[in-house]
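Reader: Please take me through this model with care. I would like each term to come with the cut-offs behind it.

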Amino acid sequence: MPQNLPRLGFSVGDLAGIGPEVIYKTLLDERLLKICTPVIYGTATALFDDFPTPADSEHLQFRQLRDAADIAPGRLNAVTCWDEDFALAPGQPSAATGAAARESLLCAARDLKAGKLDAIVTAPISKDNTQADNFRYPGHTEFLTSFFAAPESLMFLVDEDAGLRIATVTGHVPLKDVPAKLTAELLRTKINLLLKSLKNDFGILKPRIAVLGLNPHAGENGLLGKEEGDLVSPVIQQFVQDGHIVLGPFPADGYFGTQQFRQFDATLALYHDQGLIPFKLMAFERGVNFTAGLPVVRTSPDHGTAYGIAGQYRADESSFRAAVYLACDVWKQRWENAQPRSAR
């Protein structure tokens, strides 16, 4: 086992959303310090001193730092990302909260690349409110893929308690553009990423993967669409010939309706909502968004900013806490993989 606990950077997301609240509630459990060293990217005073918590709530104590190189194990750390004062206005996103979300994420990503962190957990951003001249990405996944120069990445939704894992071939893409984006090369790339992640990040030696169809009833033998026969099936057959357990294409409605997904280690959906709708129906309170295919570890809760309940102390932190646990587990699995066989 590694001597040191993983150093986990937390980007704070949009300050008008529930990011600060779910981070605060997660950090209230002191047992967290036994599995990781949390590092908040933002001014702790701005985030938590004026935080709208109940009068009898606990006050968190942070070490406020200028440089993540000074992180102290066994303590709550916060790295200063901005100097201006923030008056938190829950539920009221602004240019200032979007800028703070960008700066928190950029600072955490830079420190992760520099080796000052071992993983990051990202609180929700507003994809629209975060846009700027130096940030033209539809979400965290696309930004981190570019920042760490990964040829491709994989949006991977995970609920380890339920053994539920759903990845997507296309991510934040308009539905009308999905068919044109789907190519045999992209599908092969995503299946390979999924196989590699299941082995290297989850320790599954012989993964079983199900691939969904694009059209209703998986095309109904070409009656409702030809993508399954022309594109998806040939790619699957090649993986089978290479000795992998990859099956499909399955009609998405029946596949989830009959809980066929329980027969597989992971499901590959062809577009965003095909995978995320069933996932969130089954695992919204504890699901985690994991970006597979990166040279670094990144997780996030599976929900958004939830402006409508921000500041009401009603947000459920379960998904963010699960994201912390998964980041630690993946980091540990990768660390163990890197050890010589004789040392395992």
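Helix packing, unusual backbone and pockets

Reader: At what angle do α3 and α4 pack, and how far apart are their axes?

Author: The pair consists of helix α3, residues 95–113, and α4, where helices (H or I, at least four residues) and strands (E, at least two) are DSSP runs numbered from the N terminus. With axes fitted to C-alpha atoms over the stretch in contact, and angles running from 0 to 180 degrees between N-to-C directions, α3 and α4 pack at about 35 degrees with their axes 11 Å apart.

Reader: Before going on, what kind of model is this, and which class of residue has the highest count where α3 meets α4?

Author: This is a predicted model, in which local features need pLDDT of at least 70 and side-chain atom pairs pLDDT 80 or more, while totals for chains, interfaces and linings use all residues. Residues are numbered from 1 along each chain, and side-chain values use heavy atoms, without hydrogens or water. In the contact (heavy atoms within 4.5 Å), Leu 105, Leu 106, Ala 109, Arg 110 and Lys 113 of α3 meet His 140, Phe 143, Leu 144 and Phe 147 of α4. With Asp, Glu, Lys and Arg counted as charged, Ala, Val, Leu, Ile, Met, Phe, Trp, Tyr, Cys and Pro as nonpolar, and the others, Gly among them, as polar, one residue is polar, two are charged and six are nonpolar.

Reader: Which residues of α7 take part in the contact with α6, and how many residues of that contact are nonpolar?

Author: α6 and helix α7, residues 227–241, have axes 10 Å apart and pack at about 45 degrees. From α6 come Ala 184, Leu 187, Arg 188, Ile 191, Asn 192 and Leu 195, and from α7 come Leu 231, Val 232, Val 235 and Phe 239. Beside one polar and one charged residue, the nonpolar residues of this contact number eight.

Reader: Where α1 and α10 pack, which residues of α10 make the contact?

Author: Helix α1 (residues 19–27) and helix α10 (residues 318–337) cross at roughly 65 degrees, and their axes come within 8 Å. The contact includes four nonpolar, one polar and two charged residues. On the α1 side it is made by Val 22, Ile 23, Lys 25 and Thr 26, and on the α10 side by Phe 320, Arg 321 and Val 324.

Reader: Which residue that is not a glycine has a positive phi, and which two residues does a cis peptide bond join?

Author: Most residues other than glycine have a negative phi, and most peptide bonds are trans. The positive phi, about 55 degrees, belongs to Ala 149, which sits in the loop between α4 and β6. The cis bond has an omega of about 0 degrees and involves a proline that lies in strand β9, residues 245–250; the joined residues are Gly 248 and Pro 249.

Reader: Which residues lie nearest the centre of the largest pocket?

Author: On a 1 Å grid over the protein atoms alone, a pocket is an open set of points where a 1.4 Å probe fits, with protein on both sides within 12 Å along at least five of seven lines, and lining residues have an atom within 4 Å of a point. The lining of the largest pocket has seven nonpolar, 11 polar and four charged residues. Of its 22 residues, those nearest the centre are Lys 127, His 172, Asn 289, His 303 and Gly 304.

Reader: Which element gives the largest share of the lining of the second largest pocket?

Author: This pocket is lined by 17 residues, with Glu 142, Val 169, Thr 170, Gly 171 and Lys 190 closest to its centre. By class, six are nonpolar, seven polar and four charged. The elements that give two or more residues are α4, β6 and α6 (184–200), and the largest share, three residues, comes from α4.
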